[in-house]
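Biologist: I should be grateful for a close look at one part of this model, followed outward to its surroundings. Please state the cut-off for each term where it first appears.

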Amino acid sequence: VAVAGREDEVAAAIAAALAAAAPRPASVVFEGLDARDPWPELIRRHWPGRAQLRTDVTMRSPAIDLAEGYEGWLGRRDRKFRKEARRTARRLGEEGVDGRLTADPEAIVALLRLHHRRWEERGGSNVGAEAQGVLTEAAAALGATGRLQVALLEGPDGAVAAELVVRAGEAAVFWGGGFDPDWAKLAPGMQALLLALEDAAAAGVREADLGGGDHSYKIRLADTDRPLVWRTLLPVGRLYPAIRLRLAPKHLRWAARDASRRLPDRWRARLDRLRGR
């Protein structure tokens with residue numbers, strides 16, 4: 001965080017402090033930043049001595065414009081999407097499925113269970129066991145203000161879909177979600193997302209970030225893109241060649257993963273399952 005107009009001074013102080021650390025850093029990694037973020041380049045510019053900055057991965061991050069409200073956004077979607085959304089909502093209702101927004105601890109448990117079940121067939125999720133404690137604590141602190149909520153769809157036998165949304169001011173971020181594969185034909189995950197979107201728009205949210213990844217459903221919902229980048233700053237010195245060799249396997253893995261994201265969804269799912277095995 002910097003006072004507007006004094007970013008160069010802050011970047012110079014950060015660069016000097018990092019370069020003076022013991023042991024001296026061989027690389028500095030900036031993970032998952034907004035592609036427009038100026039800090040990696042500012043810190044490189046002020047690094048004592050020479051330093052190179054490479055972009056390791058670029059990932060799409062679709063976003064939804066809610067400035068005209070939920071109905072305004074929905075009106076910009078194609079007719080087929082609107083028809084499908086209404087039909088699946090009606091069919092879920094006929095099956096006894098209701099939706100609500102909540103920050104109860106039970107909703108966090110249901111969210112994580114559905115998330116992991118959804119990802120089982122795709123090689124597993126990278127959300128670890130510590131997530132439940134972190135999310136439960138966050139929900140207790142932010143739930144009463146509406147800044148963290150789970151859009152939860154529940155049927156006669158329990159939760160069938162959940163989507164976690166975090167809000168700040170006029171922005172909302174979809175952290176993640178999941179659904180019961182047994183209900184896949186009725187697209188409950190999409191209905192949970194729509195429930196959360198409608199609630200966010202009613203609360204004054206003007207932009208909803210769907211998170212990194214160019215999944216087809218995100219592209220279908222999005223109005224714009226806010227790309228994310230992973231960048232590495234490499235100080236140039238006598239150890240520079242050795243560091244580049246040491247980091248080469250990781251950078252090659254990132255490049256391969258970046259390339260795989262451009263594949264059709266069905267091929268990506270197969271690769272995820274193979275990686276999981």
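Modeller: Trp73 is counted as buried because its relative accessibility is 0%; buried denotes a relative accessible area under 20%, exposed one over 50% and partly exposed anything in between, computed with a 1.4 Å probe on protein chains only. The model is a predicted one, in which local features require pLDDT of at least 70 and side-chain atom pairs count only at pLDDT 80 or more, whereas totals for chains, interfaces and linings use all residues. Residues are numbered from 1 along each chain as its sequence is written, and side-chain values rest on heavy atoms, with hydrogens and water left out.

The ring of Trp73 is a suitable place to begin. Two aromatic pairs are found when the whole structure is searched; rings of Phe, Tyr and Trp (its six-membered ring) pair if their centres lie within 6.5 Å, and planes under 30 degrees apart are called stacked, those over 60 edge-to-face and the rest tilted. One of these pairs joins Tyr70 and Trp73, whose ring centres are 5.8 Å apart and whose planes stand at 40 degrees, so this pair is tilted. Both residues belong to helix 3 (residues 69–76) and are three residues apart, about one turn of the helix. Helices (H or I, at least four residues) and strands (E, at least two) are DSSP runs, numbered from the N terminus. An α-helix has 3.6 residues a turn, so residues three or four places apart point the same way.

Tyr70 has a relative accessible area of 12% and is therefore also buried. Between Trp73 and Phe81 the ring centres lie 6.3 Å apart and the planes make 80 degrees, so that pair is edge-to-face. Phe81 is buried, as is Trp73, and one aromatic cluster unites Tyr70, Trp73 and Phe81.

Trp73 also belongs to a wider nonpolar environment. A nonpolar core is a set of buried Ala, Val, Leu, Ile, Met, Phe, Trp, Tyr and Cys residues joined through side-chain atoms within 4.5 Å. The largest such core has 21 residues, and those that touch the most other members are Ile64, Leu66, Trp73, Phe174 and Leu197. At least two residues of this core come from each of helix 3, helix 4 (79–94), strand 7 and helix 7 (188–202). Helix 7 supplies the largest share, with six residues. If neighbours within four places in sequence are set aside, Leu66 contacts Trp73, Leu197, Ala201, Val205, Arg206, Glu207 and Ala208; contact means heavy atoms within 4.5 Å.

Phe174 leads from the core to the strands. It lies in strand 7 and is the bridge partner of Val165. Strand 6 and strand 7 pair in the antiparallel sense through eight bridges, two strands being paired if DSSP finds at least two bridges between them. Two residues separate the strands in this hairpin, where Gly169 adopts a positive phi near 60 degrees. Strand 7 also runs parallel to strand 8 (residues 207–209), to which three bridges join it; one of the partnerships links Val173 with Asp209 in strand 8. Strands of a sheet pair through backbone hydrogen bonds, either parallel or antiparallel.

Helix 5 (residues 105–120) also packs against strand 7. Its 16 residues reach 23 Å from the first C-alpha to the last, close to the 22 Å expected at 1.5 Å a residue; the expected span is 1.5 Å times one less than the number of residues. Buried in this helix are Ala107, Ile108, Ala110, Leu111, Leu112, Leu114 and His115. They pack against strand 4 (98–102), helix 6 (131–142), strand 5 (148–155), strand 6 (158–168) and strand 7 (171–179).

The wider setting may be stated briefly. The protein comprises ten helices and ten strands, and 38% of its 277 residues count as buried. Among contacts in the protein with a separation of 6 or more, 75% involve residues 24 or more positions apart. Along the principal axes, the C-alpha atoms fill a box of roughly 70 × 45 × 40 Å.
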